[in-house]
Amino acid sequence: MASAARHDVPEPPDFDILKRLARDQLIYLLEQLPGRKDLFIEADLMSPLDRIANVSILKQHEVDKLYKVESRPALSTSDQLCFLVRPRVKTMKYIADIVNADKMSGRSRKYKIIFSPQKFYACEMVLEEEGVFGDVTCDEWSFYLLPLDEDIISMELPEFFRDYFLEGDHRWINSVARALQLLNSLYGPFSRAYGIGRCAKMCYELWRDLEEESEGDSQGRNPEIGSIFLMDRDTDYVTALCSQMVYEGLVDDTFRIKCGSVDFGPEVTSSDKSVKVLLNAQDKVFSQIRNEHFSSVFGFLSQKSRNLQAQYDRRRGMDIKQMKNFVSQELKGLKQEHRLLSLHIGACESIMKKKTKQDFQEMIKAEQSLLEGFDIRESTSFIEEHIDRQVSPIESLRLMCLLSITENGLNPKDYRSLKTQYLQSYGPEHLLTFHNLKRIGLLTEQAAGETLTAVESRVSKLVTDRAAGKITDAFNSLARKSNFRAISKKLGLIPRLDGEYDLKVPRDMAYVFSGAYTPLSCKIIEQVLERRGWQGLEEVLRLLGGPEFSEAGGAEAGPGRAGGRTVLAVFLGGCTCSEMAALRFLGRDRGCRFIFLTTAMTSSGRLMEAMAEPRS
């Protein structure tokens, strides 16, 4: 099975300290407003907050009632209101409405706003415009990093992808740089830094500036993390658009993992209740199947079930003393394992039912044809049929984007035809989504990209090399060409198979997509770490089109030391479960450990949803 590990893979660093730091800072900020107070929490901060400080901890620090920040103001009777929020304009208006309503009724209260992870000038401007800036006190909760598991840290900023890659908004760059500074101070110094993409380069450069200003004391100590690799999501959209085949990815696609936990509904629990399950290395069943290809999971779970039954059956031949030991030491653990086992079996059955309904096998076949560049006309017909049958608006859109990005844009006739069919099937409200997908380079017409390239080459003859570089960057951002076929050929992303690919004993990272495709993002990381830089990858870099960097940082950790073999992979714009499974496989194969830092977990569904215009 894919989870068989080499013995010399280093242990992950202890990330619990990040939780303790965040908790201590939050408690300090709450105590700045002494006495009893009501706490208003923004919806998308509730789950992260629960992982850091639960309700009982908040109550210990004089938080009386908890309210969710909603469209209608809550009726709080407290004399002190504290707001724990993201730095968003609409939330500032919500707070201003509460303050102004109190002023109108002649009520005097204290108001404190705690911004997480940082406050923005725009928020203060809104408070000033609404006439309440002098009535509130503002603070920052520098909660940049939430450890979701022993090797996953999330910034829990799902809006990062849309804000940066679609809107061109750079406001979160500072948050990423400060997160890197914190990790470097606790687990560094990082000896080498690699990266690709404009966002990656900006984050890296700002982080280095922060390091120079702070003159940190991490030099001279044993690093727990040796290298760092930063990657923009737009370097590899293909991997994020492919159907996930590893168990954790399918659970995410089917049930949507939020903040490291999942809600299994009645169809999984076989009762009328839903159960919230934390998915991490502590779950003995999940930790063994999370990285497995789905085809191997049922076999493993049935074997596990038989093993558990055998452990239960041992009771029959026991005397009183042995029975007492069994009940006190083993029974509780067996019952917990049994509960988790039945939940994961239920989840597998639910996934199977859903995928059978969606013609999953035909979809995978169409995807693999697109990745390999065969039977494109047949795959296009499959997408048209998918749209006409109204299977799923998100899935139809995903397949269209995969077709576009693997073919370097659609020819105008196909683009217009698919767009018209989609809008007729799913409604004209999706028109703006097509506009957004075109802007970001996920669903484009070939002619537009070619025109830009022609203009770009003419302009470059008239100006200096440096100016031409800036103009090229501008054109890249307008209609980034994917060049997927050429990159795939250069890096060997489509494995040449001799006979059947054994998914139970995988030979390379391609197992995460049934042996049909090696994730581009993971292949780049593998190649750069192997070469200790970008030498020999010049042609690939030209095709990718993003700026790259490779820098030596602090003292080099020896290859024998754990820190020297621990790599921090930073995904800006989101990381998928498939990419994590592939890099974990690579780590086991090479005797190194990958730690994942992502702005948020992502998937094809989340990418498509981020491109849709919110309904007002």
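Which residue forms a salt bridge with R377, and how far apart are the closest N and O atoms? I began with this pair in what is a predicted model, and I found that the partner of R377 is D414, the closest N and O atoms being 2.9 Å apart. I then placed the two residues: R377 lies in helix 16, residues 376-388, and D414 in helix 18, residues 412-426, so the salt bridge ties together parts that are 37 residues apart in sequence. I looked up the accessibility of each end as well, and R377 comes out as partly exposed with a relative accessible area of 48%, whereas D414 counts as buried at 13%.

**Entry: other salt bridges**

I noted that the structure holds 32 salt bridges, and I followed up a few of them. One is between R171 and D163, whose side chains meet with an N to O distance of 2.7 Å. Here I recorded R171 as partly exposed, its relative accessible area being 27%, while D163 is buried at 10%.

I turned next to E385 and R389, whose side chains meet in a salt bridge with 3.7 Å from N to O. In this pair E385 is partly exposed at a relative accessible area of 44%, and R389 also counts as partly exposed, at 40%.

Which residues are linked with R290 in a network of salt bridges? I listed D149, D151, E248 and R584 as the residues joined with R290 in that network.

**Entry: helix 18 against helix 19**

Since D414 had led me to helix 18, I looked at how this helix packs against helix 19, which spans residues 431-440. I noted that the two axes come within 10 Å and cross at roughly 145°, and that helix 18 passes helix 19 in a right-handed crossing. On the side of helix 18 the contact is made by Y415, K419, Y422 and L423, and on the side of helix 19 by L431, F434 and K438. I sorted the residues of this contact by character and obtained five nonpolar, no polar and two charged.

**Entry: aromatic pairs**

I found that the structure holds 22 aromatic pairs, and I wrote down the details of two. F15 and Y187 form an edge-to-face pair, with 5.0 Å from centre to centre and 70° between the planes. This pair links distant parts of the chain, F15 being in the segment before helix 1 (16-31) and Y187 in helix 7 (residues 173-187), 172 residues apart. Are these two rings buried or exposed? F15 counts as buried at 4% relative accessibility, and Y187 counts as buried at 3%.

The other pair I examined is F294 with F298, again edge-to-face, at 6.2 Å centre to centre with 65° between the planes. Both residues belong to helix 13, residues 294-313, and because they are four residues apart there, they are separated by about one helical turn. I noted that F294 counts as buried at 10% relative accessibility, whereas F298 counts as partly exposed at 32%.

I also looked for a cluster of rings, and recorded one in which ring pairs link F160, F161, Y164, F165 and Y237.

**Entry: backbone details**

Where do I find cis peptide bonds before P117 and P189? The bond from S116 to P117 is cis, with omega near 0°, and P117 lies in the loop between strand 4 (110-115) and helix 5 (121-129). A cis peptide bond also joins G188 and P189, with omega at about 5°, and I placed P189 in the loop between helix 7 and strand 8 (192-196). Helix 7 was already in my notes as the helix that holds Y187.

I then checked for positive phi values outside glycine, and E156 has one of about 50°. E156 is found in the loop between strand 7 (152-154) and helix 6 (159-166), and it counts as buried at 16% relative accessibility, because the limit for buried is under 20%. S514, which is likewise not a glycine, has a positive phi of about 60°, and its place is in the loop between helix 22 (484-491) and helix 23 (520-531).

Terms used:
Residues are numbered from 1 along each chain as its sequence is written. This is a predicted model: local features need pLDDT of at least 70, side-chain atom pairs count only at pLDDT 80 or more; totals for chains, interfaces and linings use all residues. Side-chain values use heavy atoms; hydrogens and water are left out. A salt bridge is a side-chain nitrogen of Lys or Arg within 4 Å of a carboxyl oxygen of Asp or Glu. Buried means under 20% relative accessible area, exposed over 50%, partly exposed in between (1.4 Å probe, protein chains only). Axes are lines fitted to C-alpha atoms, for helices over the stretch in contact, and angles run from 0 to 180 degrees between N-to-C directions. A crossing is left-handed if the near helix is turned anticlockwise from the far one by less than a right angle, and right-handed if clockwise. Contact means heavy atoms within 4.5 Å. Ala, Val, Leu, Ile, Met, Phe, Trp, Tyr, Cys and Pro count as nonpolar, Asp, Glu, Lys and Arg as charged, and the others, Gly among them, as polar. Rings of Phe, Tyr and Trp (its six-membered ring) pair if their centres lie within 6.5 Å; planes under 30 degrees apart count as stacked, over 60 as edge-to-face and the rest as tilted.
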